[in-house]
Amino acid sequence: MTRLDNSELVSFLVATARGDRAAFAELYRRTAPKLFAILLRILPSKSVAEEALQDVFLKIWQNAGSFSPEAGPAMGWLVSITRNRAIDIIRAKNPAKPAETENTNFLANIVDLSGGEEQMMELATLRHCLGTLEESARNCILLAYYNGYSREELASRFGRPVGTIKTWLHRSLALLKSCLEGAT
(Lines give C-alpha, C1' and ligand atoms only; values in the text may rest on other atoms or scores of the structure.)
Protein backbone atom coordinates (compact mmCIF):
# COMPACT_ATOMS: atom_id res chain seq x y z
CA MET A 1 0.00 0.00 0.00
CA THR A 2 1.22 3.47 -0.86
CA ARG A 3 1.91 5.72 2.13
CA LEU A 4 -0.44 8.70 2.22
CA ASP A 5 1.59 11.90 2.16
CA ASN A 6 -0.35 15.05 3.07
CA SER A 7 1.37 17.27 0.51
CA GLU A 8 0.57 14.82 -2.28
CA LEU A 9 -3.05 14.55 -1.18
CA VAL A 10 -3.30 18.35 -1.08
CA SER A 11 -1.94 18.59 -4.61
CA PHE A 12 -4.42 15.96 -5.80
CA LEU A 13 -7.29 17.83 -4.15
CA VAL A 14 -6.21 21.17 -5.64
CA ALA A 15 -5.94 19.60 -9.09
CA THR A 16 -9.29 17.85 -8.63
CA ALA A 17 -10.85 21.23 -7.82
CA ARG A 18 -9.63 22.40 -11.25
CA GLY A 19 -11.32 19.40 -12.88
CA ASP A 20 -8.18 17.27 -13.35
CA ARG A 21 -9.56 13.74 -13.78
CA ALA A 22 -6.13 12.08 -13.62
CA ALA A 23 -5.47 13.69 -10.22
CA PHE A 24 -8.90 12.58 -9.03
CA ALA A 25 -8.20 9.03 -10.21
CA GLU A 26 -4.89 9.02 -8.32
CA LEU A 27 -6.60 10.44 -5.23
CA TYR A 28 -9.15 7.64 -5.48
CA ARG A 29 -6.45 4.99 -5.93
CA ARG A 30 -4.55 6.17 -2.87
CA THR A 31 -7.42 6.86 -0.46
CA ALA A 32 -10.34 4.60 -1.42
CA PRO A 33 -9.12 1.55 0.55
CA LYS A 34 -8.77 3.54 3.78
CA LEU A 35 -12.07 5.38 3.30
CA PHE A 36 -13.81 2.11 2.45
CA ALA A 37 -12.45 0.55 5.66
CA ILE A 38 -13.96 3.44 7.63
CA LEU A 39 -17.32 2.92 5.94
CA LEU A 40 -17.20 -0.82 6.63
CA ARG A 41 -16.68 -0.16 10.33
CA ILE A 42 -19.69 2.14 10.55
CA LEU A 43 -22.17 0.74 8.05
CA PRO A 44 -23.99 -2.59 8.36
CA SER A 45 -22.91 -4.25 5.10
CA LYS A 46 -20.31 -4.25 2.38
CA SER A 47 -22.84 -3.35 -0.33
CA VAL A 48 -24.02 -0.30 1.62
CA ALA A 49 -20.40 0.72 2.18
CA GLU A 50 -19.66 0.36 -1.55
CA GLU A 51 -22.55 2.66 -2.44
CA ALA A 52 -21.49 5.11 0.25
CA LEU A 53 -17.94 5.16 -1.14
CA GLN A 54 -19.31 6.25 -4.52
CA ASP A 55 -21.25 9.03 -2.78
CA VAL A 56 -18.13 10.06 -0.88
CA PHE A 57 -16.04 10.43 -4.03
CA LEU A 58 -18.82 12.28 -5.82
CA LYS A 59 -18.87 14.71 -2.91
CA ILE A 60 -15.07 15.00 -3.00
CA TRP A 61 -15.21 15.74 -6.76
CA GLN A 62 -17.90 18.37 -6.26
CA ASN A 63 -16.36 20.00 -3.16
CA ALA A 64 -12.61 19.70 -3.68
CA GLY A 65 -12.50 23.47 -4.19
CA SER A 66 -13.71 24.04 -0.63
CA PHE A 67 -10.78 22.12 0.87
CA SER A 68 -8.40 24.42 2.72
CA PRO A 69 -4.93 23.04 3.56
CA GLU A 70 -4.69 25.58 6.39
CA ALA A 71 -7.75 24.07 8.09
CA GLY A 72 -6.14 20.65 8.59
CA PRO A 73 -4.65 17.61 6.90
CA ALA A 74 -6.16 16.45 3.61
CA MET A 75 -6.81 12.96 4.94
CA GLY A 76 -8.74 14.45 7.86
CA TRP A 77 -10.96 16.32 5.39
CA LEU A 78 -11.54 13.13 3.38
CA VAL A 79 -12.26 11.08 6.51
CA SER A 80 -14.70 13.72 7.71
CA ILE A 81 -16.66 13.52 4.45
CA THR A 82 -16.63 9.73 4.67
CA ARG A 83 -17.71 9.58 8.29
CA ASN A 84 -20.47 12.14 7.75
CA ARG A 85 -21.82 10.18 4.78
CA ALA A 86 -21.93 6.99 6.86
CA ILE A 87 -23.72 8.80 9.67
CA ASP A 88 -26.25 10.24 7.21
CA ILE A 89 -27.00 6.72 5.93
CA ILE A 90 -27.45 5.31 9.44
CA ARG A 91 -29.73 8.16 10.46
CA ALA A 92 -31.79 7.89 7.29
CA LYS A 93 -32.47 4.21 7.99
CA ASN A 94 -33.43 4.70 11.61
CA PRO A 95 -33.78 8.36 12.51
CA ALA A 96 -35.52 7.87 15.86
CA LYS A 97 -33.25 5.26 17.39
CA PRO A 98 -29.46 5.02 17.34
CA ALA A 99 -27.95 1.85 15.97
CA GLU A 100 -27.41 -0.65 18.74
CA THR A 101 -24.40 -2.84 18.83
CA GLU A 102 -24.23 -6.22 20.51
CA ASN A 103 -20.60 -5.79 21.42
CA THR A 104 -20.13 -3.12 24.05
CA ASN A 105 -16.35 -3.48 24.12
CA PHE A 106 -15.90 -0.57 21.74
CA LEU A 107 -12.18 -0.30 22.40
CA ALA A 108 -11.62 -3.80 21.06
CA ASN A 109 -13.41 -2.86 17.85
CA ILE A 110 -10.79 -0.32 16.82
CA VAL A 111 -8.86 -2.18 14.18
CA ASP A 112 -7.31 -0.87 11.03
CA LEU A 113 -5.87 -3.68 9.00
CA SER A 114 -4.82 -1.41 6.14
CA GLY A 115 -1.99 0.40 7.91
CA GLY A 116 1.71 -0.30 8.12
CA GLU A 117 3.97 -0.50 11.14
CA GLU A 118 3.73 3.25 11.85
CA GLN A 119 -0.06 3.11 11.88
CA MET A 120 0.04 0.07 14.16
CA MET A 121 2.17 2.11 16.62
CA GLU A 122 -0.28 5.03 16.41
CA LEU A 123 -3.16 2.63 17.00
CA ALA A 124 -1.40 1.16 20.02
CA THR A 125 -0.86 4.67 21.41
CA LEU A 126 -4.49 5.57 20.80
CA ARG A 127 -5.65 2.38 22.54
CA HIS A 128 -3.36 3.13 25.49
CA CYS A 129 -4.68 6.70 25.80
CA LEU A 130 -8.29 5.58 25.45
CA GLY A 131 -7.59 3.03 28.16
CA THR A 132 -6.69 5.84 30.58
CA LEU A 133 -10.23 7.27 30.35
CA GLU A 134 -13.08 6.12 32.59
CA GLU A 135 -15.11 3.40 30.90
CA SER A 136 -18.29 5.45 30.42
CA ALA A 137 -16.35 8.42 29.04
CA ARG A 138 -14.31 6.16 26.75
CA ASN A 139 -17.44 4.45 25.42
CA CYS A 140 -19.07 7.85 24.92
CA ILE A 141 -16.05 9.07 22.89
CA LEU A 142 -15.96 5.95 20.75
CA LEU A 143 -19.70 5.97 20.10
CA ALA A 144 -19.58 9.65 19.13
CA TYR A 145 -16.47 9.72 16.97
CA TYR A 146 -16.19 6.11 15.81
CA ASN A 147 -19.85 5.12 15.41
CA GLY A 148 -21.31 8.56 14.69
CA TYR A 149 -23.78 8.87 17.56
CA SER A 150 -25.23 12.35 18.11
CA ARG A 151 -25.14 14.00 21.54
CA GLU A 152 -28.87 13.32 21.89
CA GLU A 153 -28.44 9.65 21.02
CA LEU A 154 -25.65 9.34 23.58
CA ALA A 155 -27.80 11.03 26.23
CA SER A 156 -30.53 8.49 25.57
CA ARG A 157 -28.12 5.57 25.61
CA PHE A 158 -26.37 6.59 28.83
CA GLY A 159 -29.49 7.98 30.55
CA ARG A 160 -27.80 11.35 31.12
CA PRO A 161 -28.68 14.91 30.09
CA VAL A 162 -27.22 16.17 26.82
CA GLY A 163 -25.19 18.74 28.75
CA THR A 164 -23.50 15.97 30.76
CA ILE A 165 -22.66 14.14 27.54
CA LYS A 166 -21.13 17.31 26.08
CA THR A 167 -19.07 17.75 29.25
CA TRP A 168 -17.88 14.12 29.14
CA LEU A 169 -16.88 14.50 25.51
CA HIS A 170 -15.13 17.84 26.04
CA ARG A 171 -13.16 16.65 29.09
CA SER A 172 -12.38 13.27 27.59
CA LEU A 173 -11.12 14.79 24.34
CA ALA A 174 -8.87 17.13 26.33
CA LEU A 175 -7.45 14.18 28.31
CA LEU A 176 -7.03 12.15 25.17
CA LYS A 177 -5.25 15.01 23.39
CA SER A 178 -2.92 15.50 26.34
CA CYS A 179 -2.09 11.80 26.47
CA LEU A 180 -1.48 11.60 22.71
CA GLU A 181 0.76 14.70 22.75
CA GLY A 182 2.72 13.22 25.63
CA ALA A 183 3.25 10.00 23.74
CA THR A 184 4.82 11.66 20.70
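**View 1. Confidence along the chain of the predicted model.** In this predicted model, the chain has a mean pLDDT of 83, with 83% of its residues reaching 70 or more. Among the elements of the chain, helix 1 (residues 6-17) has the highest mean pLDDT, at 95, whereas helix 5 (residues 117-131) has the lowest, at 77. The pLDDT falls below 50 over residues 96-103, a stretch that, beyond near neighbours in sequence, has 10 contacts in the model.

**View 2. The surroundings of T16 in helix 1.** T16 counts as buried because its relative accessibility is 2%, a value under the 20% limit for that class. Leaving aside neighbours within four places in sequence, the residues in contact with T16 are A23, F24, L27, W61 and A64.

**View 3. The start and the kink of helix 2 (residues 21-42).** At the start of helix 2, a side-chain oxygen of D20 comes to within 3.0 Å of the backbone nitrogen of A22. Further along, helix 2 has a kink of about 50 degrees at T31, shortly before the proline P33. T31 is itself buried, and the buried residues of this helix also include A23, F24, L27, R30, A32, K34 and L35, as well as F36, I38, L39 and I42.

**View 4. The crossing of helix 6 (residues 135-145) and helix 8 (residues 162-183).** The axes of helix 6 and helix 8 come within 9 Å and cross at roughly 95 degrees, and the two helices are therefore roughly perpendicular to each other. Helix 6 contributes S136, A137, C140, I141, A144 and Y145 to the contact, while helix 8 contributes I165, W168, L169, S172 and L173.

Notes: Residues numbered from 1 in each chain as written. Predicted model: local features only at pLDDT ≥ 70, side-chain atom pairs only at ≥ 80, totals over all residues. Heavy atoms only, no water. Bend = angle between axes of the 7 residues up to and from the residue. Helix = DSSP H or I, 4+ residues; strand = E, 2+ residues; numbered from the N terminus. Buried < 20%, exposed > 50% of the residue type's maximum accessible area, 1.4 Å probe, protein only. Polar contact = N/O pair within 3.5 Å; in protein donor to acceptor, adjacent residues only side chain to side chain. pLDDT = per-residue confidence, 0-100. Contact = heavy atoms within 4.5 Å. Axes fitted to C-alpha atoms, helices over the stretch in contact; angles between N-to-C directions. Parallel < 35°, antiparallel > 145°, perpendicular 65-115°, else oblique.
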